[in-house]
Amino acid sequence: MNAKTSNQKGWLFVLPVVILVAFNALIPLMTVVNYSVQETFGDNIFFWEGVKWYEDVLQSERFHASLIRQLFFTSVILLIEVPLGVAIALAMPRRGIWVSVCLVLMALPLLIPWNVVGAMWNIFALPDIGLLGRIINGMGFDYNFTQQPFAAWFTTILMDVWHWTSLVVLLAYAGLRSIPDAYYQAAKIDGASPWAVFRYIQLPKMKRVLTIAILLRFMDSFMIYTEPFVLTGGGPGNATTFLSIDLVKIALGQFDLGPAAAMSLIYFLIVLLVCWVFYTLMMRSEQS
Amino acid sequence: MSRISLRDVRHSYVKDPQGDEDWALKTMSVDWSDGGAYALLGPSGCGKTTLLNIISGLLTPTAGRVWFDDEDVTDTPPDQRNIAQVFQFPVVYDTMTVYDNLAFPLRNRGVAAPDIDAKVREIAAMLDLGDMLPSRAAGLTADGKQKISLGRGLVRPDVNVIMFDEPLTVIDPHLKWLLRSKLKELHQQLGTTMIYVTHDQTEALTFADQVVVMHEGTVVQIGTPVELFERPQHTFVGHFIGSPGMNVLPCRIDGGKPHFGGQAIPIEHALAHRDGDERLEIGVRPEFVKFDKEGIPVDIVKVSDVGRFSIVETRHGEHVIKLLLPEDEALPSEDARIHFDPAHTQVYADGWMVN
Amino acid sequence: MRRITWLAPTLYILFLMLPIYWLLNMSFKTTNEILGTFTLWPQDFTLGNYVKIFTDPTWYTGYFNSLSYVIINTVISVTVALPAAYAFSRFRFLGDKHLFFWLLTNRMAPPAVFALPFFQLYSAVNLFDTHIAVALAHCLFNIPLAVWILEGFMSGVPKELDETAYVDGYPFWRFFVKIFMPTIAAGIGVAAFFCFMFSWVELLLAKTLTSVAAKPIAATMTRTASTAGYELGLLAAAGTLTIIPGAFVIYFVRNYIAKGFALGRV
């Protein structure tokens, strides 16, 4: 669509970025890889263990269980937040004072520190002293997220939707605003229906922005830790023990740095793989 | 096809327009005759896009009415006015093929498939897009995409007028000429009214039969390219058209004749002078200024050789007067004097021609 | 049709405001009241939580610290991301696609993994407990995000726009600042806000890299989980106050985000 010119000067443009990011990324990464292939009994004594930790992790039932829970959670999140976010962005006003009101109010959930989000939803959803808990129980349901796995899931998902959908809304809205008026004018002249406008103009033009939104939500929900940990602690039992929560339990609770580091890397690789696949698909469809 | 009339149209983008500056388009009445090739020429911000959008229906004027033939279309939306518009940046539906792009307006209007097919192929052939029909529209070059934009307007059999809003802005320079010729060719073939907005005088003067020159929201002159050149009705037209632009010099009226530099300037057309405090000026193009034994004394300041002639910059007191010197003529060595061709000397009061 | 589309954002905002109202509610209560009873409005209305925050230096310096490194980080991130995104969008150079994806991978790394190594790294370069340390550390995930977002928006601007400006004789930097940046205003607004937001809420690295001098508000808030149990009222008040700087930021960039693509005359 936009032919790029070959220009090695591009490296000068990206150099500051590369330096700042590499400084932060490479050295720590090497440290982690180091840990992941060693054993320690404390006292900074390390024994080489090779791929033992990786095997252990990949074969463990506990890992499988957490992974499945995580995948399910992330899928539900994406299926709700992305369409919802886009729909709201489409319905938002374009001009006038209401734009400011909408943008500011929608941004508020994003700005609350994640431990506060977890804590406030904890109280908010409690059946006896929380508004949400009271309302749901008042409607006739038997709702107690500290004891019922379904309720715990419901609350966690609701909290995440509340917390993060605005990210999708903001991105989608900015993307929509970037579509030149001429497209809408031409569509008017061509006699296009609102659905046709969405399908042939808005959606294609938002593709890049939507990719960013989807991948961001995937990454962040896949690695989610603080909010569900504060809300449910991973419970009841391990009903809401997602991958991160499990990982921290292993690393801190048992001081098993080896398996923890191995798990971290496997974790990272899964995210990497999914993102890479999705990203490549998106880029390829644009090239054709 | 139809005749388009604008009656007492004026437009402001501001809710409560107070002064003159709030009006993007000052009151005007313009007629566009059926089948004409018009150019709407003027600098950025003069209101030409506003005028275009009022004609196409994308904008409803603050005051005034728009007529297509005998029908008042002021409140009719664009898709019901049977107009087509090509924008500054190519507007194509990226996800569709070229074929589907061209077919889109017809499909929206419920035309039968075989008719659509015939029409699309006809228009594609006209625009040299026949080979590209199955390709994805997103892959075409800028000029190809503009052709698609144009094509979407041409496929509709009932188009009254095609409007172009600076359509060659993003086209490569060497392709601009090709596309311009194609547009002119299409106009001759189809006979549809075409209105072409531009700030480039070359584009305007080569494409149009009639040029509408705009300045600060007002139409200052409508005429053929020749008329605009030889008898600019407003000093702005003189400045804007032609390179170098017209010489504009202050003058005073004495005994019914304009005076400049202490001398009476002979003019051909009668002076319709009103008494008053207007700013009086004489306008004469460099093409119509000649060195002469008698005339206004000047000092030669600069000579620029541009090939077949030279642009000579002279000075009388604090006023600069430019003239064109053919290459076979020599510069006067001393005591230079210049003479204005009476047939092409105009007198302007507050910018407007009064002879 | 217009009337109905109003409904969606309105319902959504109501949904968002409900827990925030609850947060506000809690902030004016004592922890006992929060845990003891269910009231829609504080029975024992108290400003005590807010007073504590405004008067206790460990609390309010936390806000200033966080604000400092977040602003530094946002400015750095967006500033270096702009030319990089432009290069990714307009140029083809050796390794460009891989470099771009590598940048994204840095956003995928869970911060927990980097906590200890960062601690060692920044202590080694003598930057422990400084604002700049946290600002730089946050570049790890914010710069890739900014580059990513900006590149997305830049690719929506036809390349022909660049060339038209060049022909008019603009030097590159002037074209970039005066013509190009306004066309991607929405992208810049969103990128700036997200950098601010992600840096502002990041807890782990900010805590790890600071102790006293640059201690962020998030770290102070975890103190509320003391031996006496959660000081919920205090936490709620602190949480409410945390929203305010970010609200200013989004208000500030609202025009950038909502600005249409003007496609002005070049």
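These are my notebook entries on one chain contact and the nonpolar cores of this structure, which is a predicted model.

**Entry 1: where chain B meets chain C**

I began with the contact between these two chains. I found 9 residues from chain B and 6 residues from chain C taking part in it. Together the two chains bury about 660 Å², and 58% of that area is on carbon and sulfur atoms. I then asked which three residues supply the most of the area that chain B buries against chain C. They are Gln88(B), Phe89(B) and Val170(B), with 61% of that area.

**Entry 2: what kind of contact it is**

Next I looked for salt bridges across the interface of chain B and chain C, and the count came back as 0. I also looked for residue pairs in polar contact between chain B and chain C, with both residues at pLDDT 80 or more, and that count is 0 as well. On the side of chain B that touches chain C, I listed 3 nonpolar, 4 polar and 2 charged residues.

**Entry 3: the cores**

I turned to the largest nonpolar core, which holds 272 residues. Which of them touch the most other members? My list reads Leu171(A), Trp32(B), Val147(C), Phe193(C) and Phe194(C). Helix H7 of chain C, residues 131–154, gives the most to this core, with 17 residues.

I picked Phe194(C) for a closer look. Leaving out residues up to four places away in sequence, Phe194(C) touches Leu167(A), Leu170(A) and Leu171(A) from chain A, along with Asn142(C), Leu145(C) and Ile149(C) from chain C.

Last, I noted another core lying apart from the largest one. This other core has 22 residues, including Phe260(B), Leu280(B), Val289(B) and Leu325(B).

Definitions and conventions
Residues numbered from 1 in each chain as written. Chains lettered and ligands numbered in written order. Predicted model: local features only at pLDDT ≥ 70, side-chain atom pairs only at ≥ 80, totals over all residues. Heavy atoms only, no water. Contact = heavy atoms within 4.5 Å. Buried area = accessible area lost by both parts, 1.4 Å probe. Salt bridge = Lys/Arg side-chain N within 4 Å of Asp/Glu carboxyl O. Polar contact = N/O pair within 3.5 Å; in protein donor to acceptor, adjacent residues only side chain to side chain. Nonpolar A, V, L, I, M, F, W, Y, C, P; charged D, E, K, R; others polar. Core = buried A, V, L, I, M, F, W, Y, C linked by side-chain atoms within 4.5 Å. Buried < 20%, exposed > 50% of the residue type's maximum accessible area, 1.4 Å probe, protein only. Helix = DSSP H or I, 4+ residues; strand = E, 2+ residues; numbered from the N terminus.
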